Amino acid sequence: IKTLLYALIIAIFIRSILIQPFYIPSSSMESTLLVGDRLFVTKFSYGYSKHSFPFSPAIFDGRILYKLPKRGDIVVFKTPADNRTDYIKRLIGLPGDEIQFINGDLYLNNNQVLKTKKNIKDLKIYCGKEIINAIAFNEKLPNGHSYTAVYKKEGGYKNSDKYIVPKDHYFFLGDNRDCSKDSRYLNSVGYVNKLNLVGKARIIFFSTNKNKGNIFQIWKWFKIIQWNRFFNIIS
C-alpha cells in the first residue's frame, strides 16, 4: 500500500508539474494533429493555475510562475463554457489584438496574415466523420511563426465580425478552419482567460487510425498504428 501511494504521488506530481499526455479526439487541428494522435503537453510552459491539477482544485488563486504564451503556440486549455473540458487549438490573438476574417483571409490588427497556397493536389481531410476537399495554405504570423492551415475548397468560412481580445485573455483558432469550434464562437468557446491555460503541446509519441480498426485488434496493428507520426515535434 505504501509503494502504491508513493507511485500515485509521483504520478500526480509529474502530471501536474511537468508533463501530461493527451489524446486528440476531433479533426479540428488537421492536418497538424490527427484524430488518434497521443501527445505530450508541458505543464510548466505558462506557469500554473488550479487547472494544472486533476479536477481543478481551488488550492490557490491566479497563476503562479506565469510565462506569456507566444503567437502560434498550440495550447491545451479548459474551455470557458464549463472550465472542465480540454480543448487544443493554435494561439492567434494576444490581449488587445483585433482579429477578423474578410473574404476567407485572416486579419490581425488590420493586417492580413501572409498566406501562401501549398501545392497539394486532391487534398482531403476529415470534418467530423465527413471527408471533404480542402486547400492547404502556409500562414505566417507577425512574429515569424509559420504553420499549415486548411480550408474547405468550396463553401468555407468567409467573413466575421471584428474580435477584440480582452485583457488577460487569448484568441484561439483550429488549423482546420472550417471544422473547428474555437474562439470565433463566443457562446461556446470565445476568449480564453489566462487562468484556463493548461500547457503547450510538444511532441506526438503515439498515433492510431480508428477508422481502420480498434487498437485492441492486435492483428491489425500495422494498419491501425500510424508509425510515421511517432515522435513528430509539434509546431
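Is glutamate 139 buried or exposed? At 1% relative accessibility, glutamate 139 counts as buried, and that makes a good way into this predicted model. The partner to look for is arginine 177: the two side chains meet in a salt bridge, with 3.1 Å from N to O. Glutamate 139 belongs to strand β10, which covers residues 130-140, while arginine 177 sits in the loop between β13 (169-173) and β14 (192-193), so the pair links distant parts of the chain, 38 residues apart. Arginine 177 has 2% relative accessibility, which puts it under the 20% cut-off for buried residues.

Let's step back for the overall picture. The chain has two helices and 16 strands. Its C-alpha trace spans about 60 × 50 × 30 Å along the principal axes. For 235 residues, a compact globule would have a radius of gyration near 18 Å, and the 19 Å of this chain agrees with that. Of those 235 residues, 44% count as buried. The chain exposes about 13,000 Å², with carbon and sulfur atoms supplying 58% of that area. Now take the contacts between residues at least 6 apart in sequence: 59% of them join residues at least 24 apart.

Back to the charged pairs. The salt bridges come to eleven in total, and the one between glutamate 139 and arginine 177 is among them. Another is formed by the side chains of lysine 194 and aspartate 168, at 3.8 Å from N to O. Lysine 194 lies in the loop between β14 and β15 (197-207), and aspartate 168 lies in the loop between β12 (163-164) and β13, so this bridge ties together parts that are 26 residues apart in sequence. Lysine 194 is partly exposed, at 22% relative accessibility, and aspartate 168 is also partly exposed, at 31%.

A third bridge has arginine 184 and aspartate 182 as its partners, with 2.8 Å from N to O. Arginine 184 is buried, with a relative accessible area of 5%, and aspartate 182 counts as buried at 0%.

Aspartate 182 also turns up in the surroundings of lysine 89, a residue of strand β4. What is the nearest side chain of opposite charge to lysine 89? That would be aspartate 182, 5.4 Å away, and lysine 89 is buried yet has no salt bridge. Since a salt bridge needs the nitrogen within 4 Å of a carboxyl oxygen, a pair at 5.4 Å doesn't qualify. Lysine 89 does have polar company, though. Its side chain makes a polar contact of 3.0 Å with the side chain of serine 180, and the backbone oxygen of lysine 181 lies 3.3 Å from a polar atom of the lysine 89 side chain. Beyond its sequence neighbours within four places, lysine 89 is in contact with residues including Asp73, Ile74, Val75, Phe77, Phe172 and Leu173.

Ser28 is on the contact list of lysine 89 too, so let's go there next. Serine 28 is found in the loop between β1 (19-23) and β2 (37-42), and it counts as buried at 6% relative accessibility. Its side chain joins that of serine 26 in a polar contact of 3.4 Å. Leaving aside neighbours within four places in sequence, the contacts of serine 28 include Ile88, Gly174, Asp175, Asn176 and Cys179.

The loop between β1 and β2 also holds serine 31. The peptide bond leading from glutamate 30 to serine 31 is cis, with omega near 0 degrees.

For more backbone detail, move on to the loop between β2 and β3 (74-78), the place of serine 56. Phi of serine 56 is near 50 degrees, a positive value in a residue other than glycine. Leucine 65 is found in the loop between β2 and β3 as well, and its phi is also positive, near 55 degrees. As for burial, serine 56 counts as buried at 18% relative accessibility, whereas leucine 65 is exposed at 64%.

One last stop is proline 95, in the loop between β4 (86-93) and β5 (98-102). Proline 95 is partly exposed, with a relative accessible area of 38%. Its C-alpha atom is separated by 5.0 Å from that of lysine 167, 72 residues apart along the chain. Besides Lys167, proline 95 is in contact with Val165, Pro166, Asp168, His169 and Tyr170, leaving aside neighbours within four places in sequence. Asp168 brings us back to the salt bridge with lysine 194.

Key. Residues are numbered from 1 along each chain as its sequence is written. This is a predicted model: local features need pLDDT of at least 70, side-chain atom pairs count only at pLDDT 80 or more; totals for chains, interfaces and linings use all residues. Side-chain values use heavy atoms; hydrogens and water are left out. Helices (H or I, at least four residues) and strands (E, at least two) are DSSP runs, numbered from the N terminus. Buried means under 20% relative accessible area, exposed over 50%, partly exposed in between (1.4 Å probe, protein chains only). A polar contact is a pair of N or O atoms within 3.5 Å; within protein, one must be able to donate a hydrogen and the other to accept it, and residues adjacent in sequence count only if both atoms are side-chain atoms. Contact means heavy atoms within 4.5 Å. The radius of gyration is taken over C-alpha atoms; the globule rule is 2.2 Å times the number of residues to the power 0.38. Accessible areas come from the Shrake-Rupley method with a 1.4 Å probe; for residues, only the protein chains shown count as cover. Lys and Arg count as positive and Asp and Glu as negative; His and the chain ends are not counted.
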